[in-house]
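Welcome! Take a moment to look over the sequence and the 3D view, and then we will walk through some details together.

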Amino acid sequence: MAPNSPPSLANLLPKSLFFQKTVILTITFFAYASLHASRKPPSIVKSVLGPEISRNGSTPLHDLANSEKGWPPFNGTRGTHRLGELDLAFLSSYAIGMFFSGHFADTLDLRLFLSSGMLLSALFTVAFGFGYWFQIHSFLYFVVVQILCGFSQSTGWPSVVSVVSNWFGKSKRGLIMGVWNSHTSIGNILGSIVASSMLKFGWGWSFFWPGFFLFLIGILVYLFLAVSPEIIGLSLPSEIELNPIEASDHGEAEHLGLLQSKDSSPLEEVKPLEEEEINSLDAIGFIEAWKLPGVASFAICLFFSKLVAYTFLYWLPFYIRHTAVAGVHLSHETAGLLSTIFDFGGVLGGVLAGLLSDKLEARAITSVSFLLLSVPALVLYRVYGSSSMFANNILMFLTGSLVNGPYALITTAVAADLGTQTAIRGNSRALATVTAIIDGTGSVGAAIGPVLVGYISTSGWNTVFAMLITSIFIAALSLVPAVKSELTERKSRLQMNETAH
């Protein structure tokens with residue numbers, strides 16, 4: 001049983017379900033956006049730390065011996081290798097921490113767990129920037145800082161998904177979480193803008209400000225986050241399972257209780273549950289969670305989907321900087337700012353994937369569709385993205401939409417669906433564990449992708465894009481069983497409707 005934490009200030013806010021849900025969405029949105037913003041500085045400063053474009057105009061990937069500037073130990077002939085290894089240090093510790101964090105999030109005080117992780121992440125983000133001010137050139141120092149930061153950040157995702165799922169029902173979960181999950185792209189955008197803008201003052205400041213903002217949001221989480229309605233004396237309207245005929249008769253809005261109740265007046269209060277009572281519920285076992293229907297398929301899919309998404313997250317500014325657009329090499333700051341177009345596309349992709357999956361009632365079919373469409377988008381971006389600034393921006397936006405769509409859908413709505421499915425017999429304490437398994441497996445792929453780029457990019461960027469396309473095909477194939485299951489379910493539903501008529 002977890003110790004009872006001090007009451008949060010959420011008890012002082014109006015007891016309207018609509019108001020409280022709005023607060024929860026806002027707090028968790030900015031919590032994870034700030035975590036993602038603090039992950040962007042390493043990718044933004046890569047082109048500053050690593051080998052610079054050589055005097056003869058070629059890129060360091062082809063002429064490392066003649067390169068200049070950079071920051072030891074990342075500016076030598078093995079500079080890109082070490083930058084990739086730095087990504088591996090963060091992402092591998094994040095992936096390992098994720099598997100443990102899911103279980104802890106199911107058994108500990110979520111508010112304390114999340115806010116503590118955010119404050120530690122802020123500390124280690126700023127600590128990386130200390131390397132600039134204190135002239136640190138030890139590779140080991142930067143690796144240790146990234147490992148500690150990765151473990152700290154792993155507390156975030158299982159916690160915020162659990163909190164949001166505690167407050168929102170399953171109906172239209174894809175759309176709500178698709179919109180809410182734009183925090184990932186919004187955080188990337190804000191982190192890129194802040195980190196890029198600070199480069200002219202010294203790359204250490206690119207780490208300081210995202211870390212500082214993360215610290216402030218962590219304090220707000222500690223003060224205002226109510227991890228479930230019961231803690232503050234509210235209860236959610238029951239979601240009644242209706243067939244299509246009944247749904248049309250009763251009206252869907254009366255049963256969802258998603259963004260608002262029938263009116264936004266305070267609901268009848270129930271006796272608040274102490275956080276001790278909620279935390280005392282049994283959590284599902286790690287192995288048992290793996291055996292749940294659909295968990296393994298979607299976890300494998302996310303492994304390869306996140307490999308692709310995080311390759312762009314950590315290497316896109318570097319790629320833009322070292323690939324001439326319309327014959328011109330862009331500055332460090334411009335390359336960092338331009339990379340945000342990929343994340344703007346990710347916002348649209350996440351929302352569209354969530355909306356379509358709700359309409360179709362088919363998460364796997366939606367994910368596979370996005371994955372397969374992203375293949376020609378990647379080819380077009382590689383072949384024609386450097387022809388002009390217009391082509392670069394349009395194709396980068398399109399690629400971001402299609403690559404991030406299934407990644408956003410699986411880490412939110414799919415994970416929440418699988419963590420609250422009927423096979424668990426109502427055990428909501430399984431949610432964080434299932435979420436951690438899926439995102440933790442994805443994070444292993446995320447750790448592998450960037451470090452591979454650090455090595456294979458020396459053979460040319462075509463090799464990198466071939467790796468990304470291969471990963472997407474494997475991701476799509478892993479969902480074949482889930483797609484078959486959804487098609488069978490749809491066929492059965494149609495037959496039932498025909499019988500009813």
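**A partly exposed glutamate and its surroundings**

Glu489 is partly exposed, with a relative accessible area of 44%. Keep in mind that this is a predicted model. Glu489 makes a handy starting point, since its side chain meets that of Arg493 in a salt bridge, 3.1 Å from N to O. From there we can move on to other salt bridges, a pair of packed helices, the chain as a whole and a few backbone details.

**The salt-bridge network**

- Side chains of opposite charge can pair when their charged atoms come close.
- Glu489 and Arg493 lie 4 residues apart in helix 21, so about one helical turn separates them.
- Arg493 also forms a salt bridge with Glu361, where the closest N and O atoms are 3.0 Å apart.
- This second pair links distant parts of the chain: Arg493 belongs to helix 21 (residues 480-500), while Glu361 sits in the loop between helix 16 (340-360) and helix 17 (363-384), 132 residues away.
- How accessible are the two partners? Arg493 is partly exposed, at 24% relative accessible area, and Glu361 counts as exposed, at 51%.
- The cut-off for exposed is over 50%, so Glu361 with its 51% falls in that class.
- Through shared partners, the salt bridges join Glu361, Glu489 and Arg493 into one network.

**A buried pair**

- Asp358 and Arg363 form a salt bridge too, with their closest N and O atoms 2.9 Å apart.
- Are these two residues buried or exposed? Both Asp358 and Arg363 are buried.
- Searching the whole structure gives 5 salt bridges.

**Helix 16 against helix 17**

- Two packed helices are described by the angle between their axes and the distance between the axes.
- For helix 16 and helix 17, the angle is about 140° and the axes are 8 Å apart.
- Helix 16 and helix 17 are therefore oblique to each other, because an angle has to be over 145 degrees to count as roughly antiparallel.
- The crossing of these two helices is right-handed.
- Which residues meet here? On the helix 16 side they are Gly349, Leu352, Ala353, Gly354, Leu356, Ser357, Asp358 and Leu360, and on the helix 17 side Arg363, Thr366 and Phe370.
- Sorted by class, this contact has 5 nonpolar, 4 polar and 2 charged residues.
- Asp358 and Arg363 appear in this contact, and they are the partners of the 2.9 Å salt bridge described above.

**The chain as a whole**

- The chain has 21 helices and 0 strands.
- It is 501 residues long, and 57% of them count as buried.
- Among contacts between residues at least 6 apart in sequence, 82% join residues at least 24 apart.

**Backbone details to look for**

- Most residues other than glycine have a negative phi, and most peptide bonds are trans.
- Pro72 and Pro73 are joined by a cis peptide bond, with omega about 10°.
- You can find Pro73 in the loop between helix 2 (41-49) and helix 3 (79-107).
- Ala326 is not a glycine, yet its phi is positive, near 55°.
- Ala326 lies in the loop between helix 14 (295-321) and helix 15 (332-338), and at 49% relative accessibility it counts as partly exposed.
- Glu361, which we met in the network, has a positive phi as well, near 50°.

How values were computed
Residues are numbered from 1 along each chain as its sequence is written. This is a predicted model: local features need pLDDT of at least 70, side-chain atom pairs count only at pLDDT 80 or more; totals for chains, interfaces and linings use all residues. Side-chain values use heavy atoms; hydrogens and water are left out. A salt bridge is a side-chain nitrogen of Lys or Arg within 4 Å of a carboxyl oxygen of Asp or Glu. Buried means under 20% relative accessible area, exposed over 50%, partly exposed in between (1.4 Å probe, protein chains only). Axes are lines fitted to C-alpha atoms, for helices over the stretch in contact, and angles run from 0 to 180 degrees between N-to-C directions. Angles under 35 degrees count as roughly parallel, over 145 as roughly antiparallel, 65 to 115 as roughly perpendicular and the rest as oblique. A crossing is left-handed if the near helix is turned anticlockwise from the far one by less than a right angle, and right-handed if clockwise. Contact means heavy atoms within 4.5 Å. Ala, Val, Leu, Ile, Met, Phe, Trp, Tyr, Cys and Pro count as nonpolar, Asp, Glu, Lys and Arg as charged, and the others, Gly among them, as polar.
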